[in-house]
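Please open the model in your viewer and keep the sequence panel beside it. The tour goes from one selection to the next and says what is to be found at each stop.

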Amino acid sequence: MLVSDNTTGTDAVEEWLIALGEPYTRFTNSAAVGMPTSDWLMYDAVLYIGTTSTGSELDSCTAYVAAGGNLLVMDNDEGYFAGSSSLFLDYLMAVYESDAGSDGLITGLEMMAGVDIDISADP
């Protein structure tokens, strides 16, 4: 399942799925969060393009992962907005440590212990 509100055509993830010949179903963010977790679990994976950081998006993604789903989130502010959430701490096993405008540091826990990812305006 691909969740994206892109209205200007395909994004890079969708182009990748097409190039691989992978079947997928695309939903808007609002349609996806309106679906029960059992509907999400009908898919092998959910590719979520955009923020899962607040409200129903965060709740839906957390419930899906808690039920055993495979989730890939692509968002540039996930740590900033969801750094203290159950999704971030319990499932991504990361801690968002700092933010200075567009710079920050995410430190991995458990399996990724000692791995720091520097997030900066100049990647």
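**Starting in a loop**

Begin by selecting asparagine 70, which is found in the loop between helix 4 and strand 4 (71–74). Bear in mind from here on that this is a predicted model. With a relative accessible area of 46%, asparagine 70 is partly exposed. Leaving aside its neighbours within four places in sequence, asparagine 70 is in contact with Asp44, Ala45, Val46 and Tyr64. If you draw a distance between the C-alpha atoms of asparagine 70 and valine 46, the viewer should give 6.3 Å, for two residues that are 24 positions apart along the chain.

**The whole chain**

Now zoom out and colour by secondary structure, which should bring up six helices and seven strands in the chain. Read from the N terminus on, these elements run β-α-β-α-α-β-α-β-α-α-β-β-β. Of the 123 residues of the chain, 33% count as buried, and the chain exposes about 7200 Å², of which carbon and sulfur atoms supply 57%. Among the contacts in the chain with a separation of 6 or more, 40% are accounted for by residues 24 or more positions apart.

**Helix 4**

Select residues 55–66, which make up helix 4. This helix has twelve residues and reaches 16 Å from its first C-alpha to its last, close to the 16 Å expected at 1.5 Å a residue. Colouring by accessibility will pick out Glu57, Leu58, Ser60, Cys61, Thr62, Tyr64 and Val65 as the residues of helix 4 that are buried. For leucine 58 the relative accessible area is 15%, and because buried means under 20%, this residue falls in that class. From leucine 58, draw a C-alpha to C-alpha distance to valine 33, which is 25 residues away in sequence and 9.0 Å away in space. Just after helix 4, stop at glycine 68, which takes a positive phi of about 105°.

**The nonpolar core**

Which residues have the most contacts inside the largest nonpolar core? They are Met1, Val3, Trp40, Val46 and Tyr48, in a core of 13 residues. Helix 2, strand 3 and helix 4 each supply at least two residues of this core, and helix 4 gives the most to it, with four residues. In soluble globular proteins, nonpolar side chains tend to be buried together.

Select methionine 1 next and display what surrounds it. Leaving aside its neighbours within four places in sequence, methionine 1 is in contact with Thr25, Phe27, Met35, Trp40, Tyr43, Ala45, Val46 and Leu47.

**Aromatic pairs**

Show the rings of the aromatic side chains, among which a search of the whole structure finds three aromatic pairs. One of them joins phenylalanine 27 and tyrosine 43 in an edge-to-face arrangement, with 6.3 Å centre to centre and 80° between the planes. Phenylalanine 27 lies in strand 2 (residues 26–27) and tyrosine 43 in the loop between helix 3 (37–40) and strand 3 (46–49), so the pair ties together parts that are 16 residues apart in sequence. Tyrosine 43 counts as partly exposed, at 21% relative accessibility. Then select Trp40, Tyr48 and Tyr64 together, which form one aromatic cluster.

**The salt bridge**

Where do oppositely charged side chains meet in a salt bridge? Select glutamate 14 and arginine 26, whose side chains meet in this way at 2.4 Å, N to O. Glutamate 14 lies in helix 1 (residues 12–20) and arginine 26 in strand 2, so the pair ties together parts that are twelve residues apart in sequence. The two partners can also be viewed by accessibility: glutamate 14 is buried, with a relative accessible area of 6%, whereas arginine 26 counts as partly exposed at 28%. The structure holds one salt bridge. Side chains of opposite charge can pair when their charged atoms come close.

**A last stop in helix 2**

Finish by selecting asparagine 29, whose place is in helix 2 (residues 29–33). Is asparagine 29 buried or exposed? At 10% relative accessibility, asparagine 29 counts as buried. Leaving aside its neighbours within four places in sequence, asparagine 29 is in contact with Val3, Ser4, Asp5, Tyr48 and Ile49. Two of these contacts, Val3 and Tyr48, were also named at the core stop as residues with the most contacts inside the largest nonpolar core.

Methods: Residues numbered from 1 in each chain as written. Predicted model: local features only at pLDDT ≥ 70, side-chain atom pairs only at ≥ 80, totals over all residues. Heavy atoms only, no water. Buried < 20%, exposed > 50% of the residue type's maximum accessible area, 1.4 Å probe, protein only. Contact = heavy atoms within 4.5 Å. Phe/Tyr/Trp six-rings, centres within 6.5 Å; stacked < 30°, edge-to-face > 60°. Expected span 1.5 Å × (residues − 1). Areas by Shrake-Rupley, 256 points an atom, 1.4 Å probe, with all protein chains shown as cover. Core = buried A, V, L, I, M, F, W, Y, C linked by side-chain atoms within 4.5 Å. Salt bridge = Lys/Arg side-chain N within 4 Å of Asp/Glu carboxyl O.
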